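Trainee: I'd like a close look at a single part of this model. Could you pick one residue and walk me through its surroundings, starting from the whole protein?

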Amino acid sequence: GGLIFWDTETLHGPFLLDDRGTVTMNPCVKPEIPGSWERLWTHDYWGQDALTSPKSHKSFRPITTTTLRWNYAYGGMDTYGYRVVNVALHVIVSMLAVICFARSQVRGSAIIAAAGGL
């Protein structure tokens, strides 16, 4: 499904919507900020508020934030790497969902999973 939008403009376009909070303004993503690795494990997804803070919405996604951190370490603020990794992860997860549903005993579930991956 992700290959439908696989074009140069999409891959090199600007950060959009919540990208500002999750990437460009998130101190957990930037390894040059002292304490950013530790902060990744103690702060919410946006990296601004500690999980123990009443201001935090308690969204904790350390694996996602780690992949964003790796993208930043490799390509800085170039959106190309973020988009390629995002599409690749979605394709992998969609294929795994189809495999899992195909192995289940629920009739037609693989078709439903495949349609959901599009």
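Mentor: Sure, let's start from the outside. The accessible surface of the protein adds up to about 8100 Å², and carbon and sulfur atoms own 67% of that. Keep in mind that this is a predicted model. Of the 118 residues, 29% count as buried. As for the fold, there are 6 helices and 0 strands, so along the sequence you just read α-α-α-α-α-α. If you take contacts between residues at least 6 apart in sequence, 42% of them link residues at least 24 apart.

Now zoom in on helix α5, which runs over residues 79–103. With 25 residues at 1.5 Å each, α5 should span 36 Å, and its end C-alpha atoms do sit 36 Å apart, so the two values agree. The buried residues of α5 are Thr79, Tyr82, Arg83 and Val87. In an α-helix there are 3.6 residues a turn, so residues three or four places apart point the same way.

The one I'd pick is Arg83, which has its place in α5. Its relative accessible area is 17%, and because the cut-off for buried is under 20%, Arg83 counts as buried. What does Arg83 touch, leaving out residues up to four places away in sequence? The answer is Thr10, Leu11, Gly13, Pro14, Phe15, Leu16 and Asp19. Take Phe15 from that list: Phe15 and Arg83 are 68 residues apart along the chain, yet their C-alpha atoms are separated by 9.7 Å.

Terms used
Residues numbered from 1 in each chain as written. Predicted model: local features only at pLDDT ≥ 70, side-chain atom pairs only at ≥ 80, totals over all residues. Heavy atoms only, no water. Helix = DSSP H or I, 4+ residues; strand = E, 2+ residues; numbered from the N terminus. Expected span 1.5 Å × (residues − 1). Buried < 20%, exposed > 50% of the residue type's maximum accessible area, 1.4 Å probe, protein only. Contact = heavy atoms within 4.5 Å. Areas by Shrake-Rupley, 256 points an atom, 1.4 Å probe, with all protein chains shown as cover.
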